[in-house]
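Here are some notes for a colleague who is opening this entry for the first time. Please read them with the model in view.

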Amino acid sequence: AWEAMGAAIDPMLPHFPVPVNSQFVFDSCTHEHDIRAAIGQAGARDSQSVRVALGFIRNMLSLSVQPEAQELLQATINDFDFFRSMSGRRSVEQIAECGLNTSAVQAVIASMPLSIPAASIPE
């Protein structure tokens with residue numbers, strides 16, 4: 001189905017507005033790392049797609065009126081951990097381990113179509 005639709009969608013991609021185009025990268029990068037975790041092939045943690053996904057997250061946080069979002073913008077943790085934590089791919093325990101305020105992450109994620117998993121997700 002993707003291959004069939006790809007030919008129709010590919011020519012449209014350059015015309016998608018910001019931040020929709022970055023959201024596509026965020027989504028695909030999230031799933032890339034889901035697959036990498038599932039097959040035990042970690043890598044590409046400093047890729048261009050991770051940087052674009054981070055830009056999308058930081059932009060969304062900067063536009064938010066939630067005080068927790070502004071707090072998270074000040075975080076000084078590893079970019080990949082920030083990306084995975086803010087994409088619903090880290091448990092509360094994993095979020096705390098990497099140094100983010102778990103309450104702030106929970107508050108921000110509650111306003112998104114994401115959730116924090118109950119159990120830790122393999123890296």
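1. A convenient place to begin is the pair of helices H2 and H3, whose crossing is left-handed; please keep in mind throughout that the model is a predicted one.

2. The geometry of this pair can be stated further: the axes of H2, which covers residues 20–39, and H3, which covers residues 48–63, come within 8 Å and cross at roughly 125 degrees. Angles over 145 degrees count as roughly antiparallel and those from 65 to 115 as roughly perpendicular, and H2 and H3 are therefore oblique to each other.

3. As for the residues that make the contact, H2 contributes Ser 22, Gln 23, Val 25, Phe 26, Cys 29, Glu 32 and His 33, while H3 contributes Ser 49, Val 50, Val 52, Ala 53, Phe 56 and Ile 57. Sorted by class, the contact of H2 with H3 comprises 8 nonpolar, 4 polar and 1 charged residues.

4. Turning to the protein as a whole, its secondary structure consists of 7 helices and 0 strands, and along the sequence this reads as the pattern α-α-α-α-α-α-α. The radius of gyration is 15 Å, close to the 14 Å given by the globule rule for 123 residues, so the protein is as compact as a globular protein of that length.

5. On overall dimensions, the C-alpha atoms fill a box of roughly 45 × 35 × 25 Å when taken along the principal axes.

6. Finally, 32% of the 123 residues count as buried, and among contacts with a separation of 6 or more, 61% are accounted for by residues 24 or more positions apart.

How values were computed. Residues numbered from 1 in each chain as written. Predicted model: local features only at pLDDT ≥ 70, side-chain atom pairs only at ≥ 80, totals over all residues. Heavy atoms only, no water. Axes fitted to C-alpha atoms, helices over the stretch in contact; angles between N-to-C directions. Helix = DSSP H or I, 4+ residues; strand = E, 2+ residues; numbered from the N terminus. Parallel < 35°, antiparallel > 145°, perpendicular 65-115°, else oblique. Left-handed = near helix turned anticlockwise from the far one by under 90°. Contact = heavy atoms within 4.5 Å. Nonpolar A, V, L, I, M, F, W, Y, C, P; charged D, E, K, R; others polar. Rg over C-alpha atoms; globule rule 2.2 N^0.38 Å. Buried < 20%, exposed > 50% of the residue type's maximum accessible area, 1.4 Å probe, protein only.
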